[in-house]
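The following exercises practise reading a protein structure step by step. Please attempt each task before turning to its solution.

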Amino acid sequence: MSGAGTAAGTAAGTAVGLHRVLEPAGVLPQAAARLDTDPAIRPDEVRVRVERLNLDAASYRQLHTAHGGDPDAIRAEVLRIIGERGKMHNPVTGSGGMLVGTVEEVGPDSPLGLEPGDRVATLVSLTLTPLAITDGLARWDGRSEQVPADGHAILFARSIAAVLPSDLPVPVALAVMDVCGAPALTERVVASRERPVVAVLGGAGKSGSLSLAAARRAGASRTIGLVPTAEEEERLAATGLADTVVRADARDPVAVAAAIGEPADVTVVCVDVPGCEHGAILATAPGGTVVFFSMATSFSAAALGAEGLAADVTMLIGNGYVPGHAETALGLLRSEPALLPLFTARAGADSAE
């Protein structure tokens with residue numbers, strides 16, 4: 001296995017995967033141009049047999065747009081990225097996704113608590129996970145974010161993985177776990193305030209619908225779901241997850257502010273297209289909080305936009321990890337009857353399960 005200098009020999013370096021970085025030396029795996037996918041594991045690593053990838057929404061949308069929806073071209077591009085980089089790290093969006101698989105081998109010093117045979121979802125990004133694909137993604141039609149696959153992936157000591165629940169279909173569990181950081185942080189932010197008004201941009205999507213449910217459970221006085229189309233407006237309204245459903249293009253700041261009306265105390269951005277920063281800021285009351293969960297967010301645009309608008313708002317980056325985030329999201333799915341049909345419809349039927 002290739003090394004990455006003396007830092008790789010330290011416990012800390014090994015725990016975060018520095019020894020898997022092929023180039024450039026000295027950076028963490030997420031920042032690396034290429035990772036080592038050697039299936040031989042170190043004492044604190046875990047090797048997973050890959051069953052399914054879940055590309056993050058921003059990455060899949062970019063690939064779909066760049067290739068005009070051509071499924072063969074999308075498949076070829078994903079294979080090229082993984083083959084060249086040793087990980088699924090979209091160079092345009094900077095994002096990746098996560099995966100489901102079965103644990104094949106566990107190093108004796110691994111702290112993850114996994115056993116061979118465990119069926120797990122990785123809760124760390126594919127942008128930092130060594131990944132090799134061996135089947136050419138032959139079973140993927142290129143038309144959805146979920147990608148049937150065969151290959152292997154490597155987890156480090158500081159990676160995160162959760163054993164899949166037995167009561168949910170794998171595509172549904174994967175879809176929930178892919179966005180579980182959003183409802184967990186939303187719940188934390190909402191609970192820290194006294195009955196805030198919460199607006200969720202992209203409220204009919206995976207992270208958006210879970211965030212609406214989390215906000216209500218955490219004590220929001222009112223929830224607002226913003227969606228871009230009449231079809232999504234109808235779908236979200238039928239669930240009852242939002243007290244109010246409004247429609248606007250999240251990229252149009254004035255339209256967003258007008259649709260939301262009285263500014264919200266907390267605004268959560270779950271839209272997978274660029275250009276939604278200024279609308280979220282305008283829709284948030286002075287002293288409020290904006291939480292950005294989309295990987296399409298430009299954080300420089302958010303910071304400069306808030307400054308230019310003289311907006312006294314706190315802006316948080318949803319980093320995808322909050323302690324207990326998988327349990328939080330799965331608990332919401334089980335306790336809120338309106339959520340499961342949304343996720344089942346998005347995941348689609350899977351005859352392999």
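**Exercise 1. State how Arg235 and Glu231 are placed relative to each other in helix α7, and classify their exposure.**

Solution. Step 1: Arg235 and Glu231 are separated by about one helical turn, because they stand four residues apart in helix α7 (residues 230–239). Helices (H or I, at least four residues) and strands (E, at least two) are DSSP runs, numbered from the N terminus.

Step 2: the side chains of these two residues, Arg235 and Glu231, form a salt bridge of 2.8 Å, N to O. A salt bridge requires a side-chain nitrogen of Lys or Arg within 4 Å of a carboxyl oxygen of Asp or Glu.

Step 3: Arg235 has a relative accessible area of 26% and is partly exposed; Glu231, at 45%, is also partly exposed. The classes are buried (under 20% relative accessible area), exposed (over 50%) and partly exposed in between, with a 1.4 Å probe and protein chains only.

A note on the source: this is a predicted model, in which local features need pLDDT of at least 70 and side-chain atom pairs count only at pLDDT 80 or more, while totals for chains, interfaces and linings use all residues. Residues are numbered from 1 along each chain as its sequence is written, and side-chain values use heavy atoms, with hydrogens and water left out.

**Exercise 2. Determine which parts of the chain are linked by the salt bridge between Arg119 and Glu51.**

Solution. Step 1: the N to O distance between the side chains of Arg119 and Glu51 is 2.6 Å, and they form a salt bridge. Step 2: Arg119 belongs to strand β5 (residues 119–122) and Glu51 to strand β3 (residues 46–55); the two residues are 68 residues apart, so the pair links distant parts of the chain.

Step 3: Arg119 is partly exposed at 32% relative accessible area, and Glu51 is partly exposed at 22%. Step 4: for the whole model, the count comes to 20 salt bridges. One network of salt bridges links Arg47, Arg49, Glu104, Glu105 and Asp150.

**Exercise 3. Describe how helix α5 and helix α11 cross, and name the residues that meet.**

Solution. Step 1: two packed helices are described by the angle between their axes and the distance between the axes. Step 2: the axes of α5 (residues 181–191) and α11 (residues 325–335) come within 8 Å and cross at roughly 90 degrees. Axes are lines fitted to C-alpha atoms, for helices over the stretch in contact, and angles run from 0 to 180 degrees between N-to-C directions.

Step 3: α5 and α11 are therefore roughly perpendicular to each other. Angles of 65 to 115 degrees count as roughly perpendicular, under 35 as roughly parallel, over 145 as roughly antiparallel and the rest as oblique.

Step 4: Gly181, Pro183, Ala184 and Glu187 of α5 meet His325, Thr328, Ala329 and Leu332 of α11, where contact means heavy atoms within 4.5 Å. The residues of this contact comprise four nonpolar, three polar and one charged. Here Ala, Val, Leu, Ile, Met, Phe, Trp, Tyr, Cys and Pro count as nonpolar, Asp, Glu, Lys and Arg as charged, and the others, Gly among them, as polar.

**Exercise 4. Decide whether helix α6 is mostly covered or mostly open.**

Solution. Step 1: α6 (residues 206–217) has twelve residues. Step 2: ten of its twelve residues are buried, and α6 is mostly covered. Among the buried residues are Lys206, Leu210 and Ala215. Step 3: after α6 comes Gly219, whose phi is positive, near 110 degrees.

How values were computed:
Expected span 1.5 Å × (residues − 1).
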